[in-house]
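Hi everyone, thanks for coming. I'd like to walk you through one model today, so let's put it on the screen.

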Amino acid sequence: MPEPVAILVAVEQEERPALAESCAGGVDRVLEQSVHDARMNGVIAVGANHPPSTYDIAELGHGASLRHHGSMDPQPETHGQSGRAHEREFVRMWDELEPIGRDRSTGGYHRYAWSDADLLLREWFAGEAAARGLELTDDGNGNQLAWPADAELAGRGDAVLVGSHLDSVPDGGAYDGPLGVVSAFAALDLLAERGVRLDRPVVVAGFSDEEGSRFGIACAGSRLMTGSLAPDAALGMRDRDGLSLAEVLSARGRDLAAVRARPDILDRVSAFVELHVEQGRGLADMDAAVGVASAIWPHGRFRLEFTGEANHAGTTLMQDRRDPMLAFAAAVLAADEHAREAGARATFGRVEVLPGGTNAIPSSVRAWLDARAPDEASLVALVEAITLQARGMSRRDGTGLDVTPESVSAAVSFDTALRDAAAALLGGAPVLPTGAGHDAGVLSQHGVPTVMLFVRNPTGVSHSPYEHADPDDCLAGVRALADVLAHLAAA
Ligand code: GLV
Ligand code: MN
Ligand code: MN
């Protein structure tokens with residue numbers, strides 16, 4: 001096989017020598033493109049001005065190796081001399097997480113609940129907690145909580161939770177989740193540097209299985225903790241290999257009886273703050289590094305099972321077929337049509353076809369619809385319209401269709417007082433809604449006063465290896481998070 005060509009992207013003319021110098025394999029060609037265009041063309045940008053590319057040429061297997069790559073290269077602290085330590089810590093943490101669960105061919109992450117990668121991430125979290133003298137607990141559902149060691153402080157009933165998740169979607173980006181966890185630890189470091197006294201316990205949280213990539217249910221960890229997902233239903237969830245969560249947890253030596261709602265913990269929480277990379281271009285369009293979330297659209301995942309009859313692709317007359325693929329195709333087209341009409345979103349991102357032979361009419365098609373809309377009535381109407389159109393086709397063909405909601409989340413409006421206080425603290429930061437789901441939504445629904453901060457995503461791309469946030473923006477996010485925590489944790 002020919003050795004792939006290394007492609008370096010330099011936006012600034014003066015970067016080129018540095019790029020050539022840093023690439024042991026030599027520069028094959030230099031493209032003149034903006035980083036945005038380059039990413040859109042599937043090229044990974046590297047170069048002094050474009051960290052943190054969490055990618056480098058060597059790791060992508062392009063046959064060249066970088067002698068130096070700044071995966072996260074912070075700019076000088078703008079908030080005074082003492083700020084450097086938290087920046088160094090941010091970089092160190094980011095670099096430590098970078099290889100865990102990463103697919104070197106795509107640069108994307110595969111960090112699924114209770115996988116080997118997930119266990120490494122949990123170990124990493126425990127190490128960060130220990131390094132800061134925090135007391136690590138697990139709520140029995142796999143949610144990691146790092147409490148201040150001072151028993152009197154930790155024992156107060158008004159803890160401020162701060163964190164996010166470390167798991168990923170299939171081939172996900174580096175930032176969705178981990179940015180919030182790394183920023184939480186770095187914000188604690190910054191508060192210590194600033195000498196800020198925290199009157200309330202600040203607890204770093206790493207929520208388990210937020211993406212639901214393995215077992216299908218989004219925010220499984222926070223739903224279990226709040227009681228909005230029943231333990232039996234959770235333990236019965238199955239992954240793509242047919243393993244139940246109960247089997248997976250047992251194999252990992254975990255106590256199944258400990259999987260349960262934890263009102264005792266939540267009763268000790270007065271607020272939750274989740275920082276997250278923005279998963280759209282809202283902040284980029286407003287030229288703001290950090291924003292505050294106002295709301296989460298209602299959204300849901302629905303499993304559609306189309307059933308028919310396997311038969312020979314060459315000999316079965318078209319009129320004799322019971323091909324479930326056609327009703328599925330109708331559903332895909334209906335999803336696009338109705339979501340466009342309603343200003344909503346509908347996606348089929350996962351499909352399983354049986355028996356999966358090129359020359360066989362399928363016996364079944366199982367597909368997952370992800371639907372989101374600005375309000376609940378529109379969401380219901382959207383799913384009904386898609387289902388109706390698919391049923392029309394399945395009736396024509398004599399095929400079957402069953403629809404099962406797998407996880408549905410109601411609309412979330414974040415605590416308005418907290419939202420406004422955070423926006424004001426951050427100098428009038430923009431306030432914006434999102435179509436993405438978060439543990440913050442689950443806790444907010446449960447009645448925990450919750451605030452979400454977003455960090456600018458220059459391309460808006462997320463759930464993809466091309467997800468990105470600039471290092472300056474990440475550090476602005478840490479400072480914003482520290483400001484919000486200082487506000488919330490003051491007596
Ligand atoms: C979570 O990232 C979701 O919105 O699917
Ligand atoms: Mn996500
Ligand atoms: Mn996330």
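What percentage of the 491 residues of the chain count as buried? The number is 47%. Please keep in mind throughout that this is a predicted model.

Since it is a prediction, let me begin with confidence. The mean pLDDT over the chain is 88, and 83% of the residues reach at least 70. Two stretches deserve some caution. Residues 1-13 have a pLDDT below 50, and the model gives that stretch 38 contacts beyond near neighbours in sequence. Residues 23-71 are also below 50, with 110 contacts counted in that way. Where pLDDT is low, the predicted coordinates should not be read in detail. So please don't lean on those contacts.

Now the general layout. The chain holds 16 helices and 17 strands. If you take contacts between residues at least 6 apart in sequence, 72% of them link residues at least 24 apart.

Let's look at two helices. H6 covers residues 178-194, and because 17 residues at 1.5 Å each should span 24 Å, the 24 Å between its end C-alpha atoms agrees with expectation. How many of the 17 residues of H6 are buried? It is 15, which leaves this helix mostly covered. Right behind H6 comes Gly-195, with a positive phi near 70 degrees.

The other helix is H12, residues 324-342. Its 19 residues reach 27 Å from first C-alpha to last, close to the 27 Å expected. Its buried residues include Leu-326, Ala-327, Ala-330, Ala-331, Ala-334 and Ala-335. On spacing in general, an α-helix has 3.6 residues a turn, so residues three or four places apart point the same way. Which elements cover the buried residues of H12? Among them are strands S9, S11, S13 and S14, together with helix H13. Just after H12, Gly-343 also has a positive phi, about 60 degrees.

Over to the strands, with S8 as our example. S8 runs over residues 290-296, and five of its seven residues are buried. Which strands does S8 pair with in the antiparallel sense, and which in the parallel sense? With S17, residues 450-455, the pairing is antiparallel over three bridges, and Gly-291 has Phe-454 as its bridge partner there. With S16, residues 431-434, the pairing is parallel, also over three bridges. With S15, residues 412-413, there are two bridges and the strands run antiparallel. Ile-296 is a good residue to click on: its bridge partner in S16 is Thr-434, and it stands opposite Val-412 in S15.

Next, two loop residues. Trp-114 sits in the loop between helices H3 and H4. Is Trp-114 buried or exposed? It is buried, because 22 other C-beta atoms lie within 10 Å and the cut-off for buried is 20 or more. Setting aside neighbours within four places in sequence, Trp-114 is in contact with Val-248, Leu-249 and Arg-252. Its C-alpha is 9.7 Å from that of Ala-251, although the two are 137 residues apart along the chain.

Ser-213 is in the loop between strand S6 and helix H7. Ser-213 counts as buried too, because it has 23 other C-beta atoms within 10 Å. Beyond four places in sequence, Ser-213 touches Tyr-112, Asp-167, Ser-168, Val-169 and Pro-170. From Ser-213 to Asp-239 is 26 residues in sequence and 8.7 Å between C-alpha atoms.

For those of you who like backbone geometry, here are a few spots. The peptide bond from Leu-354 to Pro-355 is cis, with omega near 0 degrees, and Pro-355 belongs to the loop between S11 and S12. Asp-287 is not a glycine, yet has a positive phi of about 60 degrees. Asp-287 lies between H11 and S8 and is exposed, because just 8 other C-beta atoms are within 10 Å. His-463, another non-glycine, has a positive phi of about 55 degrees. His-463 lies in the loop between S17 and H16 and is partly exposed, with 19 other C-beta atoms within 10 Å.

Last stop, the ligand. Which residues surround ligand 1? They are Glu-211, Ala-218, Ala-436 and Gly-437. By class, that shell has two nonpolar residues, one polar and one charged.

That's my tour, and I'm happy to go back to any view.

Definitions and conventions. Residues numbered from 1 in each chain as written. Chains lettered and ligands numbered in written order. Predicted model: local features only at pLDDT ≥ 70, side-chain atom pairs only at ≥ 80, totals over all residues. Helix = DSSP H or I, 4+ residues; strand = E, 2+ residues; numbered from the N terminus. Buried ≥ 20, exposed ≤ 12 C-beta atoms within 10 Å, placed from the backbone. Contact = placed C-beta atoms within 7 Å. Near = placed C-beta within 6 Å. Nonpolar A, V, L, I, M, F, W, Y, C, P; charged D, E, K, R; others polar. Expected span 1.5 Å × (residues − 1). pLDDT = per-residue confidence, 0-100. Pairing = 2+ DSSP bridges.
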